[in-house]
Structures are given as structure tokens and as C-alpha cells.
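Morning, everyone. Let me put the structure up, and then I'll walk through it from domains to chain contact to helix packing.

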2 protein chains.
Amino acid sequence: MSGTIVQQGQSWIFSVPATLIAASAIGGPKEGKGPLGADFDYLFSDNRDGQASFEQMEQRMLQIACEMAIAKAGCVADDIDFFLCGDLLNQITSSGFTARSLARPYFGLFAACATAVEGLILSSLMVASGAAKKTMCAAGSHTCTAERQFRYPNEYGCQKPPQSQYTTTAAGAAIIGNEEGVIKITAATIGRVVDLGITDSFNMGGAMAPAFADTITAHLQQRGVSADYYDLILSGDLGRVGRDIALDLLYRRGIELDERRYIDCGCLIYGDDKAVFAGGSGCGCVASVSFGHIYRRLMAGELNRVLIAATGALLSPTSSQQKQSIPGISHAVALERI
Amino acid sequence: MSGTIVQQGQSWIFSVPATLIAASAIGGPKEGKGPLGADFDYLFSDNRDGQASFEQMEQRMLQIACEMAIAKAGCVADDIDFFLCGDLLNQITSSGFTARSLARPYFGLFAACATAVEGLILSSLMVASGAAKKTMCAAGSHTCTAERQFRYPNEYGCQKPPQSQYTTTAAGAAIIGNEEGVIKITAATIGRVVDLGITDSFNMGGAMAPAFADTITAHLQQRGVSADYYDLILSGDLGRVGRDIALDLLYRRGIELDERRYIDCGCLIYGDDKAVFAGGSGCGCVASVSFGHIYRRLMAGELNRVLIAATGALLSPTSSQQKQSIPGISHAVALERI
């Protein structure tokens, strides 16, 4: 056994951690107008930008995110040993087509909106264990593909309840490697599926909050640190409704998160924009916020220790129509300047 | 770096390999009547067996496969450190609901019909690197859920062309651990996406065959062995059309597979049954054949070295409707008695 990875319950502590070498974030027009606009590497001014379909636009954004991350890492696609990617589309086709373009060995992943962090965790495992020198993980989403697939095409103009969230049009990619660097991936906690029986598919924040609380509790206990070890805990994407529930659930477990140091990606990305209801969501939300905004703040030294606990709602339209409740999951990863 | 995992290109050679501790295969009525009927651990006599939906039946089969594998390994669910699972349903809901029941840390995967091997590879990485003591991987499919989702409900009685394949109603699960045992997971090759432009979504065998040839070529070269190192090379699931194309593609690359030692799961599972057209397919096909039939033959000493190269077609109905071609992928894993 290697000794570079210590398993503690559902957590991995990386004693020889991988480096987050480079990261990129791509957004659409609405994301660019939000408070994090300046933290994207590239912003499209149109949600389709001349592509034949929104699906092709989603794939294009994912691909540009990957290409920019590779360029920022100062390498070429062939230097990437393994590519880990996922998205919200049925059969994660945006990821499959992006993997086709990159022509690198590919692992397809699905953890709904937590996919970027599932990829980051597995990438870190590969590098820390010596199974890879360099990996890339990515995830993305598009409001027009997701709304049509999961609910109704935006053109219908359906009413939405206040607990609903708005799927982000964004993508993020990160390169992980065994070389020296500023940001290390020091620990990870792999989530269990938690489902308290919510069936309202608009209330994904409420459905995912218990999984977030479960993973945070496990992470702090298994890593042996308290919440204030981290300068910032980032959930993604509980939205305003789920965030309040998460704070409450953790408080009841004796974990009091400092509200100034606990941020939700879904609350952050669009600021006070009322048109997004409870906030942003989608694979691209935590991916672009983590690999854009948070990456920059870590690189600038404004943050030293960040725990990203991405959350995913593992439902499908079919499972909702069949009256199944919504299983939630949350995967957490610690990024630190050390 | 650990030294237990040697990376050679897109392959991993496990110098301290994980053990395949136990495996299970569950099938439906048609699978039970095929030539591998006796190799299933449990067979349902009805495709729905009283469940409210075919989707719930698919999940139930996956869950029973997991429970039987756990029982055969002589452990309980809580002994499983990580659960890796995937299926063909949109947002892999069968896997998510199974993970909910098991309540173990969960990685959702998608590689279409190659998902079981993606899970087996990542499971082996976790155990070989010391990141887990025991993992479980699983995959499953159901003919009624897949046909409805990807093509038409079976009740429509649509005509199908001879190159089409029949989605298997089956599930398989395997437990991988760091303890002593008969079958070791000695090497793996992670596939690249290969797409030669086939757009006929009935011809998945033809679409996936180039990916299989690509992975076999890479595996043999990177492991430094010839095809006859293996007692058996198993593809899953190219069917009769894809198998012939694969043999031809490899022959042109100078790799001549011995036809007696190269079998395709899709050709094997239903024998000469003409109602399945070119053969079986679906996540459950390679999963149940590998974790049922092949596992038993390895345990019995009839086989000593097997290379399972699962294949997946990374299309969706949406991508086909949008005239996209079919990306193929093939992940390979070596199981050996050593």
C-alpha cells in the first residue's frame, strides 16, 4: 500500500497531495452579468452563438473550457493522461463528444450538479496514487438544454415556484498533476445518497441539503478538523432555500457554520437577480464558480483553505413522473495553499 | 508515489493487484433460457415481477445483484467502503436509487454498455492504491426500460434491422478487496472515444468495434503481451456484426485474434436466438456475463487469464435526432488467477 492516501471512513486524506495546476471557467451572457462576471475566462454573449442546437453549444462550452485549461497549464491535450467528465444531458453526451474531440482516455461520470467535484476527487486519487501524471476533469450545463430535458422548454414561459433554481449556462475544467504548485488537493469526502422523501422536483435545494449536511459532518469528523479550519466552505448548489435548510440541519448536529465563511455557489453566481428564483444550479455552476472565482481567490492568496461540497439531485423526469422521491448526494474536496 | 500502480500510456499495471472477492449475476426470463442460464445466481421468471414499473424492476435487479455479491463475499453492506455503479437510464437513476438503499459512499459512472468495467477499473485503482479496503461495482439494464427510452416501447412491435441488438435484462455486481483470493485484477486499459462516423443508431456494434480495436491494440502494446497471453478475450457487446468488424480491424493492424479464444458477450448470452438480431447489449450484458459465467470459469480453473474489453456507444436519442454520429468507447480489464 502506498501510504500517500489515507482512508478515513468515506474520506481520503492525501499525504502527498496532487496539485491543481490550472483551471478555467466559461459562461453565458447571464453568468457574465452576475457578480462573478470578471472571474470567467471567456463569456459568450449569446446562449447559442450560431451553433445548430443548444446541445452543441453546451458541448462547445465544455470543450473551450478544456482547451483553455490545457493552455493555461502550458501543455497540450496529449499531456493529459486521463479525462474525467460529466454533464446533465441524458447519457452525458456533451462529455462524450468532448472526449471524442480530445481523444484522451476517458471516464464518464454522473453526480448531477456535483459531477465536477466527483471528477476532481477521482483525478486527485489517480495523481496521488501514481496512476497518472496529469489528469483533467470538467463539467458543464446549459439552461436551454436542461430546462427542456428536465422541465419545459424556456420558450413555453412556464411559471415556476420560488424554491426553483435556474440552470447555469457554464462550464469549468481543471488540470491536476503531480508537479509543484500553489494549490493542493489535500482531502476528499465521497458522499452517500441521502433522501428524506422530498418529491417536489422544483425543490432540489431542499432535497440536497440533507446530503450536504451528511457529507460535511463526515468530512470534519474523519479529517479531524472543525469547520473554522476552512477559510471558506462552498456548497454547490443548494440555492437560498437549500442553504437555509443546510445551516439548520448542521446546527442541530452541533456544527455551526459561520455565515460569512459559508457560501453557496447557486446563491453567489447571479447575486440578487430575482429571475433565478432561489439561485443557480446545474453541473456548470459549481464547476465554473470553483474553477473560476474560487481558483482565482486561492491563487491570489485571498483564501488559503477551501472546502467545496458540491451537491447533486439524482432524479430524472421519469423517476419524478413515477412518484419517486429525490435522492441527494454531496461530494466534498479540500483545496489548500500549503 | 506508491509503486503499486504502474502507468503505461492509457494502461495501469497493478503490481500489487486487488482481488475479485465475489461476484454475482442476475437475469430475466429470456437470459435464463439462453446458454448461460446456469451461470446466473438468480433468475426472474417475469420481466416486471410485480413491480410498479420496469424502471423499478431494473433497480430491483441491480439491488439484488449487490446484495448477493455482498452475501457471497461474506460481509455486510457497511463493509463496502465505496460503491461504483451506472446504468443506461437517463441520469442513471437505477444506480442512484440502489446507492440510496445501500447507503454507502457512491460514485455514479456512465460508459453505456462498458459501465461495469469502468467501475471495476476504478474499484481496482482504489484498492490497489490503498484508498479502499473493499469496494463494490455494479451495472444493469432492462430491455423494457432501454427500448422505450432509446427507441420505441416493445409493445409497439416496431420492425428492427438485422444489425440491431437486444438490450439484456440483467445485472451484475462484484466485490473488490485487498485480501487474498483466487482472481486478481492485474491490469486495465482506459479507452479513448473513437467515432468513425456511423449514424445508424441500430448499428451500435459497428459503431463500437473501432473503439474495441483501439483499446485492444493499446492494451497489448502497453502491457507488453500478445493476444495469446490471454486464455480468453471477451468483448461486450459488439454483437455478430460488430464482432466481425472488430476482427477485421485488428487483423489489419497485425493483431490476429484466435476465434476460439475471442468471444463477444452479446453473441454468447442468447446463443443462436434469432429474435435478438445481432445479439445482446446493455450495461447488464457484460456485467452479468463477466460476473456470472466468466467469474465461475475463472474460479473453477477452466480459465486462467481473461481480458474483458467492454464497449459502450455514447449516443442518446437527442444526439441521434440531431444527426450526430455515434462515439464508441472500450475499457479493458485483465482478470487472472495468479
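A word on terms first: the domain bounds I'll quote come from an automatic or database domain assignment. And keep in mind that this is a predicted model.

Start with chain A. The assignment splits chain A into domain 1, residues 18-177, and domain 2, residues 183-337. Their centres, taken over C-alpha atoms, are 18 Å apart. How many residues does each domain put into the contact? Domain 1 of chain A puts in 50, and domain 2 of chain A puts in 52.

Look at the domain 1 side of that contact. The elements giving two or more residues are β2 (11-27), β4 (82-87), α4 (115-128), β6 (134-141), α5 (143-150), β7 (166-167) and β8 (170-177) of chain A. The biggest contributor is β2(A), with 8 residues. By residue type, this side of domain 1 has 28 nonpolar, 16 polar and 6 charged.

Now the two chains. Turn chain B by 180 degrees, shift it 0.0 Å along the axis, and it lies on chain A with an RMSD of 0.0 Å. The two copies are thus related as by a two-fold rotation axis.

Which surface does each copy use? Of the interface residues of chain B, 100% are also interface residues in chain A, so the copies meet through the same surface. In numbers, 51 residues of chain B touch 51 residues of chain A. On the chain B side, β1 (5-8), α3, β5 (106-108), α4 (115-128) and α10 (317-321) each supply at least two residues. The largest share is from α3(B), with 5 residues. That side of chain B divides into 26 nonpolar, 18 polar and 7 charged residues.

On to helix packing, all in chain B. Two packed helices are described by the angle between their axes and the distance between the axes. I have three pairs.

Pair one brings α3(B) back. Helix α2, residues 54-72, and helix α3, residues 93-102, have axes that come within 9 Å and cross at roughly 50 degrees. That makes α2(B) oblique to α3(B). The crossing is right-handed. From α2(B), the contact residues are B:Glu55, B:Glu58, B:Gln59, B:Leu62, B:Gln63 and B:Cys66. They meet B:Thr93, B:Ser94, B:Ser95, B:Phe97, B:Thr98, B:Ser101 and B:Leu102 in α3(B). The residues of this contact are 4 nonpolar, 7 polar and 2 charged.

Pair two is α6, residues 204-223, with α7, residues 239-252. Their axes come within 8 Å and cross at roughly 40 degrees. This crossing is right-handed. Contact residues of α6(B) include B:Gly205, B:Gly206, B:Met208 and B:Ala209. Those of α7(B) include B:Gly239, B:Val241, B:Gly242 and B:Ile245. What is the make-up of the contact of α6(B) with α7(B)? It has 11 nonpolar residues, 4 polar and no charged.

Pair three is α4(B) with α9, residues 283-299. Here the axes come within 7 Å and cross at roughly 55 degrees. The helices α4(B) and α9(B) are therefore oblique to each other. B:Thr115, B:Ala116 and B:Val117 of α4(B) face B:Cys283, B:Val286, B:Ala287 and B:Ser290 of α9(B) in the contact. The split is 5 nonpolar, 2 polar and no charged.

That's the tour. Questions, please.

How values were computed. Residues numbered from 1 in each chain as written. Chains lettered and ligands numbered in written order. Predicted model: local features only at pLDDT ≥ 70, side-chain atom pairs only at ≥ 80, totals over all residues. Axes fitted to C-alpha atoms, helices over the stretch in contact; angles between N-to-C directions. Helix = DSSP H or I, 4+ residues; strand = E, 2+ residues; numbered from the N terminus. Parallel < 35°, antiparallel > 145°, perpendicular 65-115°, else oblique. Left-handed = near helix turned anticlockwise from the far one by under 90°. Contact = placed C-beta atoms within 7 Å. Nonpolar A, V, L, I, M, F, W, Y, C, P; charged D, E, K, R; others polar. Least-squares fit on C-alpha atoms with pLDDT ≥ 70 in both.
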